[in-house]
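Q: I'm new to this one and would like to learn how to read it. Could you walk me through it, feature by feature?

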Amino acid sequence: MLLKTCIPSTITTTTTSPPLICLSQTPHKVSTFPRTSKTPSVYTPPKMSWLNKLGFGAARTDTPMDSSSSAIAQGPDDDIPAPGQQFAQFGAGCFWGVELTFQRVPGVTKTEVGYTQGYLHNPTYEDVCSGTTFHSEVVRVQYDPKECNFDSLLDVFWDRHDPTTLNRQGNDVGTQYRSGIYFYTPEQEKAAIEGRDRQQKILNRNIVTEILPAKKFYRAEEYHQQYLAKGGRFGFRQSTEKGCNDPIRCYG
């Protein structure tokens, strides 16, 4: 498990609260597979070497990942939200702090952290951190649209990370930490694109956030769920009270 701390970002956003960035104090796991429109449905993972185990990427091999596994992982999220609720998925770096941020939003009724957008069925945390499965760490948010509209969730998303750094947040590096909005409806897609365009006008660097249909969501291991609310490594519980503005501290 990585030991994480948090620092404010210097990126200017539309809000006054500092974005949350988690810094790892251990060697970083670096992934080097950019998303393109031509990404194949059968993914060829890189061969693991001692350099790759230290997080410095690797060369491709000729052994493809099982096509049935890839097809399942690349399928839509077929989970169903509670009656009257809607889902949204957000990737904004380490999912611990991102989840706590959304837990505090009025109208959010449930959060789960997990893995999505990758090519391996039922990935583990270790699989994702290897840099070979192309999953993103995300928070799946269930919200009541009568109390919390999607635009307000987007405001939280933009405020809590740096959307201009490709495959990294602070010292957490790898494709699993990429910035992403994963939509369930055409309305969410439209709002995400419009929000990104508005945000781009006030930033001095290009936004690299990917906006893609939500794919199969793999719930992360139980110890990752509500990690900071449960106290994390040191047992210091952090408030999930709605509207809470206490600083969020990330630690492994």
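Q: Of the contacts in the protein with a separation of 6 or more, what share comes from residues 24 or more positions apart?
A: One thing to know before we start: this is a predicted model. As for the share, it is 74%.

Q: What is the protein built from, in helices and strands?
A: There are six helices and ten strands. Of the 252 residues, 52% count as buried.

Q: How do I read a sheet, and in what order do the strands of the open sheet come?
A: Go across it from strand to strand and note who pairs with whom. Here six strands line up as β9-β8-β3-β5-β4-β10, with mixed pairing. β9 and β10 are the edge strands, since each pairs on one side only.

Q: Let's zoom in on β4. How many bridges join it to β5, and how many to β10?
A: Eight bridges join β4 to β5, and the two run antiparallel. On the β10 side (residues 218-219) there are two bridges, again antiparallel. You can find single pairs as well: Val113 has Val139 of β5 as its bridge partner, and Glu112 has Arg140 of β5. Toward β10, Tyr115 stands opposite Tyr218.

Q: Is β4 largely enclosed or largely open?
A: A residue is called buried when its relative accessible area is under 20%. Seven of the nine residues of β4 are buried, so the rest of the structure largely encloses this strand.

Q: And Gln142: where is it, and is it buried or exposed?
A: Gln142 sits in strand β5. With a relative accessible area of 10%, Gln142 is buried. To see what surrounds a residue like that, look at its contacts. Leaving out residues up to four places away in sequence, Gln142 touches Pro81, Ala82, Gln85, Gln86, Phe87, Gly107, Val108, Thr109 and Lys110. One of these gets a polar contact: the side chain of Gln142 reaches the backbone nitrogen of Ala82 at 3.2 Å.

Q: Now the largest nonpolar core. Which of its residues touch the most other members?
A: For a core, look for the members with many neighbours inside it. This core has 42 residues, and the ones touching the most other members are Phe90, Phe102, Val141, Phe150, Leu153, Ile181 and Leu228. Elements giving two or more residues include β3 (86-92), β5 (136-143), α5 (150-159) and α6 (186-200). α5 gives the most, with six residues.

Q: So what does α5 look like, covered or open?
A: Mostly covered: seven of its ten residues are buried. They are Phe150, Leu153, Leu154, Val156, Phe157, Trp158 and Asp159. Take Phe150: beyond residues up to four places away in sequence, Phe150 touches Ala88, Phe90, Tyr143, Ile181, Gln188, Ala191 and Ala192. Check the start of α5 too, where a side-chain oxygen of Asn149 comes to within 3.2 Å of the backbone nitrogen of Asp151.

Q: Which residues of α6 are buried, and why do they line one face?
A: An α-helix has 3.6 residues a turn, so residues three or four places apart point the same way. In α6 the buried residues are Gln188, Ala191, Ala192, Gly195 and Gln199. Seen down the axis of α6, they fall within an arc of 100°, so they line one face of the helix. The face turned away from that buried side carries the exposed Pro186 and Lys190.

Q: How far does α6 reach, and what covers its buried residues?
A: α6 has 15 residues and spans 21 Å from its first C-alpha to its last, close to the 21 Å expected at 1.5 Å a residue. The cover over its buried residues includes β3, β5, α5, β8 and β9 (210-213).

Q: Last one, on backbone angles. What is phi at Asn122 and at Asn167?
A: Look at the sign first, then at where the residue sits. Phi of Asn122 is near 55°, a positive value in a residue other than glycine. Phi of Asn167 is near 60°, also positive. Asn122 belongs to the loop between β4 and α4, while Asn167 lies in the loop between α5 and β6 (168-169). Their surroundings are worth a look too: Asn122 counts as exposed at 51% relative accessibility, whereas Asn167 is buried at 15%.

Key: Residues are numbered from 1 along each chain as its sequence is written. This is a predicted model: local features need pLDDT of at least 70, side-chain atom pairs count only at pLDDT 80 or more; totals for chains, interfaces and linings use all residues. Side-chain values use heavy atoms; hydrogens and water are left out. A nonpolar core is a set of buried Ala, Val, Leu, Ile, Met, Phe, Trp, Tyr and Cys residues joined through side-chain atoms within 4.5 Å. Buried means under 20% relative accessible area, exposed over 50%, partly exposed in between (1.4 Å probe, protein chains only). Helices (H or I, at least four residues) and strands (E, at least two) are DSSP runs, numbered from the N terminus. Contact means heavy atoms within 4.5 Å. A polar contact is a pair of N or O atoms within 3.5 Å; within protein, one must be able to donate a hydrogen and the other to accept it, and residues adjacent in sequence count only if both atoms are side-chain atoms. Two strands pair if DSSP finds at least two bridges between them. The expected span of a helix is 1.5 Å times one less than its number of residues. The arc is that of the directions from the helix axis to the C-beta atoms.
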